[in-house]
Amino acid sequence: VSTQSTWAKPAPKATKEPEKKKEKKPTETKEKEQSKLGVHIRGLSFPDMTRSSVKELFANCGKISQLRIKRNARGGPYILIFFDSTAAAKKAVDMNGKTVKNCKITVDFAKAKPVQPRSEYCKTVFVRPVPASCTRELLKKFFESAGQAVKVRVYKLGFAFVYFKSAAEATAAMKLNRKEFLGKKISLRLSVRTKEKDLKKHSLAIAGPKKVVVSTTKKTPKPKAEAKDIKDAKKPAPKAAAAPAAAAPAPAPKGEKKAAAPKAAPAKAEPKPEPPKAEPKAEKKAPAKAPAKAAAAAKPAAKKAGGKK
């Protein structure tokens, strides 16, 4: 007898291939870097708080690119500061829990992204107040030092829009802010409006709302008889009328006996169907005896009869 074992060797375990690390896209890395540049500050509020005063408090951290002061739903202020480097933002986060201007502040990284400054893409300047004697030519001359004004729109409500060729010319025009124009100090602001947007609005205003087409064809009136038939057909079918109640018998005069009401004859019971009769069973006939045996039995009977006589 063979002593060799019949058990098969276990199959070798499959080795897992090392997973390849996903390469980060350049856009993802940029977004992460931008998210670490911003800082969200809460609990800081003091009288006469302005952007310049807040910048002074966080100037030691690094160069500030943007600063926004906003208010939450309850009306409390919060501040968003964006720095040029992540190291500067980390320094600002280290100020978390410290007291600044007698206020205990909380500082953490902001989820919001920095907004592109209007000086990089805005080509229009908003002007206000504009006197009633203002014209397009006068405004063009006023902004000649900044650049060539492509278009000017003056409104009766006392404001105007001046369009330039480039964003650099529009930012240069902002230097004329709070200067006198026709005896009034004007305030300037960069606007998001463009010539293309104005043309779209103007074309929509000319076109007006969409017109509803109404058919002018008159419907031929139907004859009265036909209209009545249609109405009758639409009406629901009348319900079946209930059977009229039996009239009550008139009261009999005094002294007369009331005639007894004839009794209703009892209803005859319907004859029950007779059950089917059973078929008569066939009589069993005795089997015929053999003649020899009958004769033998008759002899002793005759002898008995003779003895009695």
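A strand here is a DSSP run of E with at least two residues, numbered from the N terminus. With that in hand, welcome to a few close-up views of this predicted model.

**View 1. The strand β2 gives the most to the lining of the largest pocket.** Four residues of the lining come from β2. Both α2 (51-57) and β2 (64-71) supply at least two lining residues each. If you would like to find the pocket yourself, look for R51, K55, S65, Q66, L67 and R68, which are among the residues that line the pocket. Further along the chain, V115, Q116, P117, R118, S119 and L190 also belong to the lining. How much space lies in this pocket? The volume comes to about 410 Å³.

**View 2. Four strands form an open sheet in the order β8-β9-β7-β12.** The pairing in this sheet is antiparallel. Which strands stand at the edges? They are β8 (149-155) and β12 (187-191), and each has a single partner strand, so one side of each is left without a neighbour in the sheet. On average, neighbouring strands of the sheet are turned by 20° against each other, direction ignored. As a general reminder, strands of a sheet pair through backbone hydrogen bonds, either parallel or antiparallel.

**View 3. Strands β7 and β12 run antiparallel and are joined by five bridges.** Strand β7 covers residues 124-128. To place the two strands against each other, find V127, which stands opposite L188 in β12.

**View 4. T124 is a residue of strand β7.** Is T124 buried or exposed? Its relative accessibility is 1%, and buried means under 20%, so T124 counts as buried. The side chain of T124 reaches the backbone oxygen of R193 at 2.6 Å. What else is T124 in contact with, leaving aside its neighbours within four places in sequence? Its contacts include F161, V162, Y163 and A170. R189, L190, S191, R193 and T194 are in contact with T124 as well. One of these contacts, L190, may look familiar, as L190 also lines the largest pocket of View 1.

**View 5. Stepping back, the chain holds eight helices and twelve strands.** The chain has 309 residues, and buried residues make up 21% of them. Now consider contacts between residues at least 6 apart in sequence. Of these, 61% join residues at least 24 apart.

Terms used:
Residues numbered from 1 in each chain as written. Predicted model: local features only at pLDDT ≥ 70, side-chain atom pairs only at ≥ 80, totals over all residues. Heavy atoms only, no water. Pairing = 2+ DSSP bridges. Axes fitted to C-alpha atoms, helices over the stretch in contact; angles between N-to-C directions. Buried < 20%, exposed > 50% of the residue type's maximum accessible area, 1.4 Å probe, protein only. Polar contact = N/O pair within 3.5 Å; in protein donor to acceptor, adjacent residues only side chain to side chain. Contact = heavy atoms within 4.5 Å. 1 Å grid on protein atoms, 1.4 Å probe; cavity = no way out; pocket = protein on both sides within 12 Å on 5 of 7 lines; lining within 4 Å. Points joined across faces, edges and corners; volume = space filled by probe spheres on them.
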